[in-house]
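This report examines how a chain is packed, from single residues to its helices and nonpolar cores. The structure is shown first, and the description follows.

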Amino acid sequence: MPLFVVLYLKSNVVLVGIVSSVSSAASVPALIFWGNISDRIKKRKIFILIGFFGSFASLMLVLTVHNITSYLIMLIAFQIIAMASVPVSTLLILENSSRDLWPSIMGKFNSYNAIGTVVGIGSGIAFLTLYSYKGSAVLPYVYIISAMVYLAAGISSIFTLKEPQIIIKRNRLNWIYTVRLFERLRFFPTHIIHTGINSNGHKISMDLKRYLVVTFILMAAFQIFFVPYPVFVLKRFSATDNEIYIMYLLNSLMSAITFFPAGKYIKYIGSNRMLIYSVSLRAVIFTVMGILTISASGLYYFILFILVYGMLGGIWSFISISEITSISNMADKNTRGKVIGYYNSLNGAGQIFGSLLSGFIAYDISYLFDFILSSLIIVSMIVYIIKMNPPDISVKIRPSRVSQKGEKDS
């Protein structure tokens, strides 16, 4: 998205933030709409097909894109139609499997998604390298290739997917934790299967509500840093689209690699302490990178900015699992599903709000102020978490029991 807006449409970081925020926001009501419809008619496969073929059709609209308005229309159409498959994708898998296999199946589901992300970005690098002589003119073809992959997925789904015999209500799956491996906006809704689940009159504690607000503010702060970051690299170092893709690849790869050890080490360190360590490290990195924006130039600084972006992806795994572990510890079994739904919703809202704000800050003030502001917000939340002292029960979260903006871009 930043590449297309900055290089192909010749626009600036403000439009990157607006496009990221608005297009992602469009997915929220669509997600609720498609989920409710699928529950009402008790069908799954048809929504997978609508999502895949609809994604193909909407991404092919890139052939008509010549300005920000038409690009935004394409992305909104994509988000609305693509969301048809999101609420039912997990359900379709579970409903076609016996309950005792659910944990291992969800583990494989997450692994395949992580592998698919890395393979997809890697394929983008190969494509852009092969046609590098075309410059930014090649970027629309990235969307066309993505559309063709959706088309292939839709066609294969017709023959390989089967309608489940047993229909599971989403509100009965509150034991399935929802953890995003990637914090980029384009991944925000990918595995949400329940939002705002009925808790049958059981109340959520005030401490837990405050903790959920903290996760919202932290996500907004992350996006304030991440959305302008690739634009800064593009502008300051005259980076190519290929180099930005490599930056994304490292970020996604590190997220996938660190996901499993993150779940393991929380058992020994504790979720609360792990969260404080992780976000503190990010605050330090954000501050250092902000200071470097003043005079950073040359190859070595460029390599540093690329590597730091990748390392930040690895830190996200520890943050996301720490948050979901603490939330699960603080909620009782009657409200856990509802709380996880709120967590997803607030994280998505944080991504949208942070993305929208970031472009204006970076453009109207400076990248230095943008990065430092993000760090200051994080530090204030660290102080609040320490003061709040939420339960720090060391619970091992098995990766096989965990499922799923971004930024979305990052």
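In which helix is I48 found? The model is a predicted one, and in it I48 belongs to helix α3, which spans residues 45-59.

## Two buried residues of helix α3

I48 counts as buried because its relative accessibility is 4%. Beyond its neighbours within four places in sequence, I48 is in contact with S85, V88, S89, L92, S157 and L161. The C-alpha atoms of I48 and P87 are 9.4 Å apart in space, while the two residues are 39 residues apart in sequence.

Helix α3 also holds S55. With a relative accessible area of 1%, S55 is buried, since the cut-off for burial is under 20%. When its neighbours within four places in sequence are left aside, S55 is in contact with I50, F78, I81, A82 and Y150.

## Nonpolar cores

How many residues does the largest nonpolar core have? This core has 97 residues, and those with the most contacts inside it are Y71, F222, Y229, V233, F305 and I378. Helix α12 (residues 299-330) supplies the largest share of this core, 12 residues. A second core, separate from this one, has six residues, including A262, I266, M274 and I321.

Two of the residues named for the largest core can be followed through their contacts. Y71 touches M1, F4, V5, L9, V19, V65 and Y143, with residues up to four places away in sequence not counted. V233, in helix α9, has a relative accessible area of 0% and is therefore buried. Not counting residues up to four places away in sequence, V233 touches S238, A239, I244, M247, F302 and F305. Between V233 and E243 the C-alpha to C-alpha distance is 9.6 Å, with 10 residues of separation in sequence.

## Aromatic pairs and a charge over a ring

A search of the whole structure yields 30 aromatic pairs. One of them joins F225 and F226 in an edge-to-face arrangement, 5.4 Å from centre to centre and with 85° between the planes. F225 and F226 are both buried. In the pair of F237 and F302, the ring centres are 5.5 Å apart and the planes lie at 45°, so this pair is tilted. Because F237 lies in helix α9 and F302 in helix α12, the pair ties together parts that are 65 residues apart in sequence. Both of these residues, F237 and F302, are buried.

F222, named above among the residues with the most contacts in the largest core, also has a charged partner. The charged end of R282 sits over the ring of F222, at 4.6 Å from the centre of that ring.

## Packing of helices α10 and α11

Two packed helices are described by the angle between their axes and the distance between the axes. What are the angle and the axis distance for helix α10 and helix α11? Helix α10 (residues 241-269) packs against helix α11 (residues 271-292) at an angle of about 115°, and their axes are 7 Å apart. On the α10 side, the contact is made by Y265, I266 and I269; on the α11 side, by S271, R273, M274 and Y277. Sorted by class, the residues of this contact are five nonpolar, one polar and one charged. Two of these contact residues, I266 and M274, also appear in the second core.

## Residues in loops

The table lists three loop residues with their locations and relative accessible areas.

| Residue | Loop | Relative accessible area |
|---|---|---|
| K10 | between α1 (2-8) and α2 (13-41) | 65%, exposed |
| S238 | between α9 (229-237) and α10 | 58%, exposed |
| S205 | between β1 (177-178) and α8 (206-226) | 35%, partly exposed |

Two of the residues in the table have backbone angles of note. K10 is not a glycine, yet its phi is positive, near 55°. S238, likewise a residue that is not a glycine, has a positive phi of about 50°. S238 is also one of the residues that V233 touches.

Which distance separates the C-alpha atoms of S205 and M330? These atoms are separated by 8.3 Å, although the two residues are 125 residues apart along the chain. S205 counts as partly exposed because its relative accessible area is 35%.

Definitions and conventions
Residues numbered from 1 in each chain as written. Predicted model: local features only at pLDDT ≥ 70, side-chain atom pairs only at ≥ 80, totals over all residues. Heavy atoms only, no water. Axes fitted to C-alpha atoms, helices over the stretch in contact; angles between N-to-C directions. Helix = DSSP H or I, 4+ residues; strand = E, 2+ residues; numbered from the N terminus. Contact = heavy atoms within 4.5 Å. Nonpolar A, V, L, I, M, F, W, Y, C, P; charged D, E, K, R; others polar. Core = buried A, V, L, I, M, F, W, Y, C linked by side-chain atoms within 4.5 Å. Buried < 20%, exposed > 50% of the residue type's maximum accessible area, 1.4 Å probe, protein only. Phe/Tyr/Trp six-rings, centres within 6.5 Å; stacked < 30°, edge-to-face > 60°. Lys NZ or Arg CZ within 6 Å of the ring centre and 35° of its normal.
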